[in-house]
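Work through the exercises below with the sequence and the coordinates open. Each task is followed by a solution in steps.

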Amino acid sequence: MPLTSAVPVWNLVMPLGAAQVWNFVFTQTANGQPYPITGSAWEYVARTAAGAELFTLTTSAGSNGLLTVTTTSALSQVQMDLYPAATQDLSPGQYLHALWQNPGTDGAYPWFSGSLQIAEAAQP
């Protein structure tokens with residue numbers, strides 16, 4: 001179970017078709033030790049405001065990106081690599097996104113969620 005029920009708001013603004021890399025490090029607040037995430041499934045999902053899925057990332061490589069999970073005695077981390085293909089065909093605007101632990105199960109938990117703002121790519 002998560003140590004808190006508050007889901008941090010994660011608002012991301014990025015150019016259309018840009019690559020992004022994010023590292024999420026999970027620690028226990030009581031002792032600073034890595035939060036146990038071994039054996040968990042992970043999913044990053046972006047949706048329209050109406051709820052239609054735009055794209056997802058999992059621990060299986062795909063054209064939109066990849067989630068890489070690292071669990072050691074010193075580190076619990078999920079690295080998100082968002083490839084340009086994920087957003088290059090979207091219209092500039094605001095969408096919703098979240099990083100889920102154990103999606104689709106009774107123990108599903110959205111660790112981070114918020115708005116994903118896709119901006120026009122700057123012209124040279």
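**Exercise 1. Ser76**

Find which residues Ser76 touches, leaving out those up to four places away in sequence, and describe its setting in this predicted model.

Solution.
- Step 1. Place the residue: Ser76 belongs to strand 6.
- Step 2. List the contacts: Ser76 touches Phe24, Val25, Phe26, Pro34, Tyr35, Ile37 and Thr70, with residues up to four places away in sequence not counted.
- Step 3. Look for a polar partner: a polar atom of the Ser76 side chain lies 2.6 Å from the backbone oxygen of Tyr35.
- Step 4. Compare sequence with space: Ser76 and Pro36 are 40 residues apart in sequence, while their C-alpha atoms are 7.0 Å apart.
- Step 5. Classify the exposure: the relative accessibility of Ser76 is 4%, and buried means under 20%, so Ser76 counts as buried.

**Exercise 2. Gln101 and Asn102**

Decide whether Gln101 is buried or exposed, and state what is notable about phi of Asn102.

Solution.
- Step 1. Gln101 lies in strand 7, and Asn102 is in the loop between strand 7 and strand 8.
- Step 2. With a relative accessibility of 7%, Gln101 counts as buried.
- Step 3. The Gln101 side chain has a polar contact of 2.8 Å with the side chain of Ser40.
- Step 4. Beyond four places in sequence, Gln101 touches residues including Pro36, Ile37, Ala41, Trp42, Tyr109 and Trp111.
- Step 5. Asn102 has 23% relative accessibility and therefore counts as partly exposed.
- Step 6. Most residues other than glycine have a negative phi. Phi of Asn102 is near 55°, a positive value in a residue that is not glycine.

**Exercise 3. The two sheets**

Give the strand order of the sheet with 3 strands and of the sheet with 5 strands, and name the edge strands of each.

Solution.
- Step 1. The sheet of 3 strands is open, has the order 2-6-5 and is paired antiparallel.
- Step 2. Its edge strands are strand 2 and strand 5 (65–71), each of which pairs on one side only.
- Step 3. From one strand to the next, the twist of this sheet averages 15°.
- Step 4. Strand 5 and strand 6 (residues 76–82) run antiparallel and are joined by 7 bridges. Leu66 stands opposite Asp81 of strand 6.
- Step 5. The sheet of 5 strands is also open; the order is 1-8-7-3-4 and the pairing is mixed.
- Step 6. Here strand 1 and strand 4 (53–57) are the edges, each pairing on one side only.
- Step 7. Neighbouring strands of this second sheet are turned by 25° against each other on average, direction ignored.
- Step 8. Strand 1 and strand 8 run parallel, with 4 bridges between them. Met14 stands opposite Ile118 of strand 8.

**Exercise 4. Aromatic pairs**

State how many aromatic pairs the structure holds, and classify the pair of Trp10 and Phe24 and the pair of Phe26 and Trp111.

Solution.
- Step 1. The structure holds 9 aromatic pairs.
- Step 2. The ring centres of Trp10 and Phe24 are 5.2 Å apart and the planes meet at 80°; planes over 60 degrees apart count as edge-to-face, so this pair is edge-to-face.
- Step 3. Trp10 is in the segment before strand 1 (12–15) and Phe24 is in strand 2 (residues 20–25), so the pair ties together parts 14 residues apart in sequence.
- Step 4. Both Trp10 and Phe24 are buried.
- Step 5. For Phe26 and Trp111 the centres are 5.0 Å apart and the planes are at 65°, so this pair is edge-to-face.
- Step 6. Phe26 sits in the loop between strand 2 and strand 3 (42–47) and Trp111 in strand 8 (residues 109–119), so the parts tied together are 85 residues apart in sequence.
- Step 7. Phe26 and Trp111 are both buried.
- Step 8. Ring pairs also link Trp10, Trp22, Phe24, Tyr44, Phe55 and Phe112 into a cluster.

**Exercise 5. The largest nonpolar core**

Which residues of the largest nonpolar core touch the most other members, and which strand supplies the largest share?

Solution.
- Step 1. The core has 26 residues, of which Phe26, Trp42, Tyr44, Leu67, Met80, Leu99 and Leu116 touch the most other members.
- Step 2. At least two residues of this core come from each of strand 1, strand 3, strand 4, strand 6, strand 7 (93–101) and strand 8.
- Step 3. Strand 8 supplies the largest share, 5 residues.
- Step 4. Take Met80 as a case: beyond four places in sequence, its contacts include Trp10, Trp22, Phe24, Tyr44, Leu57 and Leu67.

Technical notes: Residues are numbered from 1 along each chain as its sequence is written. This is a predicted model: local features need pLDDT of at least 70, side-chain atom pairs count only at pLDDT 80 or more; totals for chains, interfaces and linings use all residues. Side-chain values use heavy atoms; hydrogens and water are left out. Rings of Phe, Tyr and Trp (its six-membered ring) pair if their centres lie within 6.5 Å; planes under 30 degrees apart count as stacked, over 60 as edge-to-face and the rest as tilted. Buried means under 20% relative accessible area, exposed over 50%, partly exposed in between (1.4 Å probe, protein chains only). Two strands pair if DSSP finds at least two bridges between them. Axes are lines fitted to C-alpha atoms, for helices over the stretch in contact, and angles run from 0 to 180 degrees between N-to-C directions. A nonpolar core is a set of buried Ala, Val, Leu, Ile, Met, Phe, Trp, Tyr and Cys residues joined through side-chain atoms within 4.5 Å. Contact means heavy atoms within 4.5 Å. A polar contact is a pair of N or O atoms within 3.5 Å; within protein, one must be able to donate a hydrogen and the other to accept it, and residues adjacent in sequence count only if both atoms are side-chain atoms.
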